[in-house]
Amino acid sequence: MEDRLDSKLDVVIEEELTERLDAPAIRIRSQRKRLFQTFVRNRPAILGVFLLVLVLVMAIFADDWFIAIFQGREPQPLLAPYDPLEQDTVNRLAPPSREHWMGLDSYGRDTLSRIIYGSRVSLLVGLLSVLIGGVSGALMGLTGGFLGGKVENVIMRVADILMAFPSLIMGLMVLAVLGGGLFNMILAIGIVLSPTFARVAHSSTLGVKENEYVEAARSIGAGNWRIARVHILPNIISEVVVLASIWIASAIRVEANLSFIGLGVSPPTPAWGSMIRDGTKYLFQAPWVSFFPGLAILITVLAFNLLGDGLRDILDPKLQN
Amino acid sequence: MGKYILSRLLLAIPTVLAVLTLVFFVVRVIPGDPATAALGDYASQEAVEALREKMGLNEPLIVQYFNFLGDLVRGDLGASMITGKEISDLVKQVLPYTLELTITSIFIGTILGVPLGIYTARHVNTGVDYVGRVVSLAGLSVPAFYLGILIMLLLAHKIPIFPAVGGGNLKDFKSNIMHLVLPALTLGLIMTASVTRLTRSAMLNVLKDDYVRTARAKGLSERVVVLRHALRAALVPIVSIIGIWAASLVADSVLTETVFARPGLGKMLVSAIMQRDYTLLQSVMVIYALFVVGINLITDIAYSFVDPRITH
Amino acid sequence: MKRYVFLVSILVLLLALFVAGCSQQQTTQAPAQESASAQPTEAPAAEAKPSEPMVMRYADKAADLGTMDPHFAAATNDRNLVDMIFNALVRYKPGDGSQFEPDLAEAIPNPEMVDGKQVWTFKLRKGVMCQGTKETPAYELTSADVVWSLQKSANPDTSAYAGEYNGMSVEAVDDYTVKITMDQPLSPILFLPKVTNYAGGFIVCKKHYENVGGENFKTNPAGTGPFKFESYTPQDKVVLVANDDYFRGRPKLDRVEYRFMPELNSRELGLKSGDLDAIAGQNESEWAKRMDAEDGLSVDVYGPGEVAVIHFNTSVKPLDDVRVRKAIAYALDRDEFLALFGGPPVAGKVYSAVPAQFLAGGLTEEEVKAKGLDYARDLDKAKKLLAEAGYPDGFSLEVVSSERESYLKPYTSMQAQLAKIGIDIKIKTVDHSSMHKLIRQDVNPIVIYVAWRPNADVYLTRFYHSDSIVVSGAKPDTNFSHYTGIDDLIEAARVEQDPEKQVELWKEAQIKLLEDMISYPILYMSQVTARHDYVDYGHDLKTVFSLYPQFDETTTVNK
């Protein structure tokens, strides 16, 4: 009798757990709709989406590559008022004016056009490197924290090793082994960031693992993978997402520190981090050269953070009810 | 616990060895060598060759590697290839500056960041929260040197309270503190930004938890609920971000150290790379790796204090 | 509530920073405000007792010390420091590198020919004291030190400049007489630099060197100069103190604090806030003019100018074709390069490999124009030449550049200018050391090199003699163009004893370089330092080869 009751209880719990992820299609649809509404009602998140679309539009429509590619010619600036590489050396460091809204840089290039074009490299670097670092790090931390024992020790000591390399040295290592190039730089930044994600994911997992519901799930015989996916991941995801939105800004800036050792984009290709780096030499003389790229980073990071918070609200199981 | 600490300390040996081996071989792959860097572009080829010989760079790599390891085991960090000074002396001179800066900025980052995070979490989606978020994001978007220069401009030049340059005299407490304030403020404010963000998020997470609700239902005052129950549960991720900052500040405070013309371990690392001072770079990396291992160990131990359910 | 205070205080701080950032702009326009805010900084100085020591606090752009062994000093900061600690037999007049003066020697001798060899006999000053240190008490410098020191300079194990002392022998005649014999006679302009206060010419105190050893001497030096070494803090500063026994009299400065501050903005703020007395500036005219306009500050712009030259590798396609090289020359405009440095006075145009502004043997603008070799910009001609050479649509090249501004600027400007005739240059930045290594491995079809060399012979030998061809030369050095056409002229000029004929030979060699368009000289960049008005270096600044304002026994800081 007791046995039957237990197994019945099992079924109930199992069903409830199943419902959350493997529910019938109708349930999912209505759930999605509800989530979508929650998201839309979250005004900051909508502002985030708006800002992100703005930056994406900048990146995509900086020039008319989508037309030029069919006509077999060099793309012409579209959104950007000028060619970002065109130098007007005589008027260099000119302050913002009607012709050049954000002034000219130290080579006499239009800062606004460079910011618009620069969004391409910077978005790519910010997103991809954080994605690489975030996914690999979170997986490391989750696996380590959840499985414990030897696996945990090995994974977290590898994270220690990676953490012991400051970005510049990691950049040099990637440069020495894989060579230069934008994607190798993104990889380098990703590797630098991964142990920080691993540590946060690891610590959160340790905390969550001890919760009653994990014990409950385990007692009914749920597998490791299932527990990790259903119970742990959703509970640590918010910290990971927040960390990701924090590190995006760093990743965009680190680009500048790595491109000067030959990793990443070469001059004169515009990128926000490098623009700030160059502009800082003229901080007192022509503050606009470094101020506007800084503002661009701020807006982008703001967009990702607002969006990240909005997403977290949706992903967080506790906030769904 | 004692056994755990011991095993972690023993595990530090392979970690440091791995870091060291990677650094040893990789710095020798990048173009340029300490002889050329030391003599500059004007020196003749034969002078460079003579110096290479003297520096022992012409020996087989594997011999150099084991020589270095051998010295290290004997506790000898070697001498800088450029200035010829004992690396242990150089580190001894620089380390106090790095430690005081790191510790002070972590202190500032924590005492500002955690309360701010709690406050914005409790007033989520109000004006204060929005302002707090934007300000903390601005803190993340500003490069350290940018903020450093602005702080220097304000508090050393416009309102000349603090000295603008140098690390101060370590033996003179007042001079030391005065030189510490501005760089520590710079790094502390930047750290505040991320600590605030993470604290806010972690607090939001737990404030909705059942036991917080239970605590509230029991009629406990909001203060007790937030500080005793919620914060405690949120502390684990907060402790880990502080740990991450502690580890990264030691090496990544280069820009701040450069702006304020302070000596520091991070700066030493970068200049060792630029000068191709192999021995200095290797030794500083060993010290840094030990730091990271140590900080991570302390953080891991801290988890079980913050959340007694976590055991090692 | 308390937390609210935190939030507000942070907001206020950030706001204040922003305001401060904005108001900086106004300050530069209204220097009157500057003096008002400078008042409080000077307050501590006013409290000071009259016996307050006179200190020069100088900040250089270097990150750290390299060595204070003068025979290894290569970086600017190292050269600055050894200039204050050491003397030589002869010195360049302080602030004016075009004139030689006796230093440790009583007079500059005339050479005699003995058995086909050239002999220079120097009489030493009496009573010159080697600085006392913890390890070595002060003692009188004699010919033993001078002979030993010059032999150290000639030894590749103890000197980076050994190559310049080939064929030289030194002996002591008596305690105060040194005889230098040259196997190959040299004109004074080529001989004197070897015994002058630059690089290998510095005289090191033998006893102290032997007491502490070569490695320790780098950070514990002793010479005979106006200042002696006191302490070194890594990445922070080197402190020198007055040498009471200095033979020209005790310096007026009690101390020199030489700081390492790579960040320009910090040096600027340090100077303005009164924490520093003089700083290395940015070599751009805009910076120089802006700082000079500040109340209480002055900027000095002086030589020598480091010269930027574009070298074409004539051994690779398509640059092996002289028409291609000339097309490039016609596509370039020196004014565009110059503008990146804010134009004069910091930067100036250079028309020959040796800068005529600073050294004998260079070609002036007029001389080059008279020969029609100035290659004034003419895009049509450039395109025509390219088409003739078979590249009507241009071509593309890949080059590496140092991350340093002085390299990146000319490379980037060249890139933009050559794009107009269809030549596509891809620049890869690497760190400075890497670049120097890579270009010596001949990776760049076009090398831009920025350098100061002490005389025309060194410039021409090391950049254009066939022995100096990178990788494959007999003594591989910096002949990036693989040129072999002026060996005879360089060698003839080197042994020519008549200064006028020597100069003619050098000029002839450089005209050949221009005719074959082996390299395109762009511009020179002068030294820029800023100081408070109360600083008096004690001499005018025209050219200083050690690349700083030169602090000596006459320098004063009268706050």
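The side chain of A:Ser194 reaches the backbone oxygen of A:Ile191 at 3.0 Å. This is read from a predicted model. A:Ser194 sits in helix 8 of chain A, which spans residues 182–209. A:Ser194 is buried, because its relative accessible area is 3% and the cut-off for buried is under 20%. Leaving out residues up to four places away in sequence, A:Ser194 touches A:Gly133, A:Ser136, A:Gly137 and A:Leu162.

**Chain A against chain B**

Helix 8 also helps form the side of chain A that touches chain B. Helix 6 (149–163), helix 7 (167–178), helix 10 (224–259), helix 11 (272–280) and helix 12 (288–315) of chain A do so too, each with at least two residues. Helix 12 of chain A gives the largest share of that side, 11 residues. The table collects the totals for this contact.

| Item, chain A with chain B | Value |
|---|---|
| Residues from chain A | 55 residues |
| Residues from chain B | 59 residues |
| Buried area | about 5000 Å² |
| Share on carbon and sulfur atoms | 69% |
| Salt bridges | 1 salt bridge |
| Polar contacts, both residues at pLDDT 80 or more | 6 residue pairs |

Which side chains meet in the salt bridge? They are those of A:Arg199 and B:Asp300, at 2.8 Å from N to O.

**Helix 12 of chain B**

Helix 12 of chain B covers residues 265–274. Is this helix mostly covered or mostly open? It is mostly covered, with 8 of its 10 residues buried. The buried residues are B:Leu265, B:Gly266, B:Lys267, B:Met268, B:Leu269, B:Ser271, B:Ala272 and B:Ile273. Just after the helix, B:Arg276 takes a positive phi of about 55°.

**Nonpolar cores**

In soluble globular proteins, nonpolar side chains tend to be buried together. The largest nonpolar core here holds 326 residues. Which members touch the most others? They are C:Leu89, C:Ile180, C:Phe191, C:Ile310, C:Met414 and C:Ile446. Domain 1 (33–37 + 54–261 + 534–557) and domain 2 (304–525) of chain C both give residues to this core, so the core lies between them.

C:Met414 shows the packing in detail. Neighbours within four places in sequence aside, C:Met414 is in contact with C:Ile310, C:Leu332, C:Phe337, C:Ile425, C:Ile446 and C:Ile448. A second core, separate from the largest, has 37 residues. Among them are C:Ala73, C:Val82, C:Val204 and C:Tyr537.

Technical notes
Residues are numbered from 1 along each chain as its sequence is written. Chains are lettered from A and ligands numbered from 1 in the order in which they are written. This is a predicted model: local features need pLDDT of at least 70, side-chain atom pairs count only at pLDDT 80 or more; totals for chains, interfaces and linings use all residues. Side-chain values use heavy atoms; hydrogens and water are left out. A nonpolar core is a set of buried Ala, Val, Leu, Ile, Met, Phe, Trp, Tyr and Cys residues joined through side-chain atoms within 4.5 Å. Buried means under 20% relative accessible area, exposed over 50%, partly exposed in between (1.4 Å probe, protein chains only). Domain bounds come from an automatic or database domain assignment. Contact means heavy atoms within 4.5 Å. Helices (H or I, at least four residues) and strands (E, at least two) are DSSP runs, numbered from the N terminus. A polar contact is a pair of N or O atoms within 3.5 Å; within protein, one must be able to donate a hydrogen and the other to accept it, and residues adjacent in sequence count only if both atoms are side-chain atoms. Buried area is the accessible area (1.4 Å probe) that two parts lose on being put together, summed over both. A salt bridge is a side-chain nitrogen of Lys or Arg within 4 Å of a carboxyl oxygen of Asp or Glu.
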